[in-house]
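Reader: I am new to this structure. Please take one part, the way its helices pack, and go through it closely.

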Amino acid sequence: MTERNAFAPAPAPAPEGPVRPARPARFRVHYAWVVAGVSLLVLLGSAGFRSTPSLMMDALHNEFGWSLGTISIATSVNLTLYGLTAPFAAALMDRFGVRLVVVCALLTISVGSGLTMLMREPWQLVLCWGVLVGLGSGSMAGAFATTITGRWFQARQGLVTGVLTAAGAAGNLVFLPVGAWLVEHHGWRSAVIVVSLAASAVAVPVLLLMRERPADLGLLPYGATEEPPAPAADGRALTRSLRVLRDAARSRAFWLLSGSFAICGATTAGLVGTHFIPAAHDHGMPVTTAAGLLAMIGVFDVIGTIFSGWLTDRVDSRILLVTYYGLRGISLLLLPQLLAGSLQPPILAFVIFYGLDWVATVPPTVALCRRHFGGDAPIVFGWVLASHQIGAAVVAGLAGLARDALGNYDLTWYGAGALCVVAVGLCLALRTSRPDRPVVPALP
């Protein structure tokens, strides 16, 4: 028998029971929550950047003599490109990665906002704030949140979608009061400088912390028990986006969702988001006070949208949409009688009631896209979001023209209330017993 070296360490005792393979290192907090936090910051900034034009309408009118209808054209272009960019951005994220697309989008916003300081003609406002900021913010639209939740979460998808959607409202909480104060005390150029610098600053945590998929870190999606199917490789983002649109357009659900979401955009970002401040100012309310009310709408929107995400995990999404559009229509029909030159209880009641409903429609709409379109849901939702923004753009322009022609916004509030009734009918027409077409994974 060979004698063991006296200075050699004693052999470790054999483990009891079967030997288990070594496990990869685990994060104490699932990294999905880190990615969700970075996404929240991106969406906070994106929402704040988009809200700035509504603060500048009166200032641009006073400095350049441009009509509200003319200024609204830039907002309409911004909203249109915001929507049309979304489905292509979702495909580009699959092709080039979320981090690269988001960083490029933030820098585009920074450049577009910064160049606004040099403008002298209306077409320059359309180019800078309409085209550049519209393209940049559209790349971080709802399709971005849908991509993140689809890749990183299997459990709590509705709740996380609600939280990320609520980031849009929370962004208004920060930028609207600050922006209104800057415009009033230091001019509109100071506000666009802040937007330009903030967009560049938000790109830093995206570069440092954003990761593409859980598999990159040896993780499963949050709540998953098995590895998801490998993503399909497709180098033709434009082709895939158009193919998904072609296939989705054959579905009745796609047109019903697109129609109702177009009305959602018309009655939120297009009308209230763009024209609430000048409409309140028409009644003698200071711009800073009106901006504060719009920010308060954002406070209650955060609560309502997160709660809507929680409900979406538990309640039929169609019932939720019918309820949301019905309540929104009632509040808009009453708004012309509530506006006044100072803060009164009725307008505060509108802020609370309408705020809880502002973008509560997003989580159930995303859930219905996932139900009907499976792996293509992020791109399909991008196209549905495009209809949302087209509706917003049309109404943003028409409301400005109506204000120039009639001297007030009353007709636009009544028309928006009537549109919500149409949205209720479209949602009631959605089928819930089965998808309109088989749910299949995304194909190249």
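Author: Helix α3 passes α7 in a left-handed crossing (the near helix is turned anticlockwise from the far one by less than a right angle; clockwise would be right-handed). The model is predicted, with local features needing pLDDT of at least 70 and side-chain atom pairs pLDDT 80 or more, while totals for chains, interfaces and linings use all residues. Residues are numbered from 1 along each chain as its sequence is written, and side-chain values use heavy atoms, without hydrogens and water.

In this pair, α3 covers residues 98-115 and α7 residues 188-209 (helices are DSSP runs of H or I, at least four residues, numbered from the N terminus). Their axes lie 8 Å apart, at an angle of about 165 degrees (lines fitted to C-alpha atoms over the stretch in contact, angles from 0 to 180 degrees between N-to-C directions). The two are therefore roughly antiparallel (over 145 degrees; under 35 is roughly parallel, 65 to 115 roughly perpendicular, the rest oblique). On the α3 side, the contact (heavy atoms within 4.5 Å) is made by Arg99, Val102, Val103, Leu106, Leu107, Ile109, Ser110, Ser113 and Gly114. From α7 come Val192, Val195, Ser196, Ala199, Ser200, Val202, Ala203, Val206 and Leu207.

Next comes α15, residues 377-406, which packs with α9 and with α14.

Helix α9 (residues 252-270) meets α15 at an angle of about 40 degrees, and 7 Å separates their axes. The two are therefore oblique to each other, and α9 passes α15 in a right-handed crossing. The residues of α9 in this contact are Phe254, Leu257, Ser258, Phe261, Ala262, Cys264, Gly265, Ala266, Thr268, Ala269 and Gly270. Opposite them, α15 contributes Val380, Phe381, Trp383, Val384, Leu385, Ser387, His388, Gly391, Ala392, Val395 and Ala396.

Helix α14 (residues 362-373) packs with α15 at about 130 degrees, with 9 Å between the axes. This pair is therefore oblique, and the crossing of α14 past α15 is right-handed. Val362, Thr365, Val366, Cys369, Arg370 and Phe373 of α14 meet Ala377, Val380, Phe381 and Val384 of α15. Val380, Phe381 and Val384 of α15 thus appear in the contact with α9 and in the one with α14.

A salt bridge (a side-chain nitrogen of Lys or Arg within 4 Å of a carboxyl oxygen of Asp or Glu) joins Arg151 and Glu212, whose closest N and O atoms are 3.3 Å apart. Arg151 sits in helix α5 (residues 142-152) and Glu212 in the loop between α7 and α8 (237-248), so the pair, 61 residues apart, links distant parts of the chain.
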